[in-house]
Amino acid sequence: MSMKRLSPTANLLRTSRLFSLPPPLPRPSSELTATETRDSDTATLPYPTHASIQTTETSLGRGDWGLKRPLPLKSTTGSSTPIIRIDNIDSIDHITDFNSAADHVLTLRKWQELDMPISLVDKKKTASGNSLKPLRSVFESRYDNTQLDSKTPSKDLMREPKKERWKYKGPWIAGQTDGEFKAYVEKSIKRKKLDFREFVREQLVTAKAAARRREAIEEGEDLDSVEVTIPEEELDSYMKRLRNDETGMHKLLEEFLDLPRDEVQASGGAYGDYDEKGPPTTHPSAGLSYLRTASRILNHPDFGPQEYDTLVPGRVIAPQKIQTRTQARALIGVAGVVGSDSKMTFNKTGELPGVANYDPDIPGGAKIWVRPRRAGIDSHGRIELLVDRASKNAVHVAQGLHSEEPKLPEAAIAAAQERATPTLTSPTPRTPRSSQGYGVEDMDVQNSSGRAIPFLGLNDQPNLNDLLRGALVGGPKKAI
Amino acid sequence: MMMSRRLESMASRLAEARNICRTFSTQSPRLQTSAAPAPAAPPTYYNPQPNRKKESNTFKFAAKLAQAGSPTALKRVSEYDRMRQGLVDVHKNNRALGLERQIHRKWKAGDVYAPHDLSPVEMTKWRKRRPRERDAFDQLGINPLHEYKNFSMMSEYMTPMGRIKHRKETGLRAVNQRKISKAIRRAVGMGLLPSVHKHPEVLEVEARERNTRLMFGRTAGR
């Protein structure tokens, strides 16, 4: 094929990583605030900006990543996820600057384990954040805008709702600050003044030609003889009239500058989808999932078909209330993505520890069982995820428990007694029992929060300290 | 009773929490080194409604003791246990407060995290204030020189002692920094602005805000 015809150097370049790496996306911009921002430059970004690359195992051993120079083995072979992103393919110091891309790669893998379809983000929401419309997949043919087909006959286009375009040449003016708008006018619009005049002339010509044609048809004249020319004076007066015609001018400008526009609004819709956050920056699926629906039923081996899908473990990233701030919804991380809890009520602290308030005694932070309800990609390319807390019965099903009260295996209790894991918090200063003079409790066992708490996973709901105490008081003593 | 009534008012509750923090702060070296906390706990921290589950355990525990020993011992033990329960809750609260104060990152829905994002190193980075990245005047399309009469805007670019702030604090680009300093000097020269402190009206507003915060807690008025 053409590969053979090319020179060896050209072939080499064609197949090299150097040319196949796409340029990175711009970093998500920081918020526009009057106060100082707090930010970390090493924090994981809400979406990946660089391509992640991987190499075969044998090439990895040689440090061969298909780049200009081999990468150091010490920092690439030790990792369990040898996937990197290239920050600078050849820096001024003759170094290939690279970083681990495991964060986004693993997040994607975890996300795909959820089997979550991506649905269109519904801009109209109730106060509680519930969507008014049923979920619509982004891949449904009537909303899928990956490819805008110009060949579609206009009849169908009129009937079908117009697909949202997601790439425009012009900026989103509603989202610009005054300064940015001024700069945009100064730098790019002023120069196009003459072009705009020509554009308006063309529009006028087509409009006039259509009118003349209609006239010609009505009067039975020859269509070929219809020729329209616009004299300069007529164009001048038309442009002056345009200044007072806001809607007409707006339409022309939108088309000329290719500004992001809301098709719904343009066709007379009252509510604009782009009003708040602007046009989408990416395809509404963002490539996270290609599933079209979540309508499937979990068939449990013991309990049969279940109403809801499999539960997933979630981490409470931010409880509803901490000392410094209170928020309506707790933020719950699922598969490495921070989603919001669908429940807004502050429930009793006893119900789910660590969700309404911060609980320092849960090693590694609070975790709960959740069920992701819907996911979408918003205009800024961030994932919008809503999760439901799981009901008690669903949790029991997920844990494979048949009875209401989960029981810890004896071996786990024994192991927990022997193991002392470090906790995040400093232990409560403990009074030696001997100094109290009561001597009623076992000297060897530290009680309650004074003790380093053994690791409690999601499956270990009961309070181990209670269990420990019960076991020590009631049952025969074990060698500790 | 008195205690519970007192707890009803929000302000006093906050003050209470702060006091507790100070005395029992986990960071306090006094408490870290000494093995024994005050054995006689202040009766105010006594929790009259301990966890039910715990109580039942206590009961079992005490009942066992009652079989073995005297009823006075049983009474003493249960009293002690209840007192300890109250103490534990206070300690837990303090530890929670101490750790909450170290949560600097304001997570938002849609953030993506990897394990290192949950590490203390990363949290320390979120604590630091970063200099403003964008030039405020460029963003707003304002020429600072035209604003020399706007004393609240001028005060924003002055220190409390009336000195013009450095570029690394204001985050302005060089052109706008020169313009704002010229505007401040002009305002001072015209007698519109004091040269050794901020404008009195700005000071008054700041003082009022500070008072509100002190009275109603740190998030008030925001």
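## The barrel in chain A

In chain A, five strands close into a barrel in the order β7-β8-β9-β11-β10, and their pairing is mixed. Ignoring direction, neighbouring strands of this sheet are turned by 50 degrees against each other on average. Please keep in mind as you look around that this is a predicted model.

Strands of a sheet pair through backbone hydrogen bonds, in either a parallel or an antiparallel sense. How do β7 and β10 of chain A pair? Strand β7 (residues 312–318) and strand β10 (residues 367–377) run antiparallel, with four bridges between them. If you would like one place to look, try P313(A), whose bridge partner in β10(A) is W369(A).

## The nonpolar cores

The largest nonpolar core of the model holds 35 residues. Those with the most contacts inside this core are V316(A), L331(A), I332(A), V334(A), V337(A) and V370(A). Several elements of chain A each supply at least two of its residues: the helices α6 (102–114) and α13 (392–399), together with the strands β7, β8 (331–334), β9 (337–341), β10 and β11 (383–389). The largest share comes from β10(A), which gives five residues.

V316(A) is a good residue to click on here. Which residues does V316(A) touch, leaving aside its neighbours within four places in sequence? Its contacts are A330(A), I332(A), G354(A), V355(A), G365(A), A366(A), K367(A) and I368(A). Apart from the 35-residue core lies another core, this one of twelve residues, including Y148(B), F151(B), M154(B) and L193(B).

## A look at E113(A)

Helix α6 of chain A, one of the elements that supply the largest core, also contains E113(A). Is E113(A) buried or exposed? E113(A) counts as exposed because there are 11 other C-beta atoms within 10 Å, and the cut-off for exposed is 12 or fewer.

Along the chain, E113(A) and V312(A) are 199 residues apart, while their C-alpha atoms are separated by 9.8 Å. V312(A) belongs to strand β7, which spans residues 312–318 of chain A.

## Chain B

Now to the other chain. Chain B has eleven helices and one strand. Where does the strand fall in the order of elements? Reading from the N terminus, the elements run α-α-α-α-α-α-β-α-α-α-α-α, so to speak with the strand between helices.

Of the 222 residues in chain B, 17% count as buried. Among contacts in chain B with a separation of 6 or more, 64% are accounted for by residues 24 or more positions apart.

Definitions and conventions
Residues are numbered from 1 along each chain as its sequence is written. Chains are lettered from A and ligands numbered from 1 in the order in which they are written. This is a predicted model: local features need pLDDT of at least 70, side-chain atom pairs count only at pLDDT 80 or more; totals for chains, interfaces and linings use all residues. Two strands pair if DSSP finds at least two bridges between them. Axes are lines fitted to C-alpha atoms, for helices over the stretch in contact, and angles run from 0 to 180 degrees between N-to-C directions. A nonpolar core is a set of buried Ala, Val, Leu, Ile, Met, Phe, Trp, Tyr and Cys residues joined through C-beta atoms within 7 Å. A residue is buried if 20 or more other C-beta atoms lie within 10 Å of its own, exposed if 12 or fewer, and partly exposed in between; C-beta atoms are placed from the backbone. Two residues are in contact if their C-beta atoms, placed from the backbone, lie within 7 Å.
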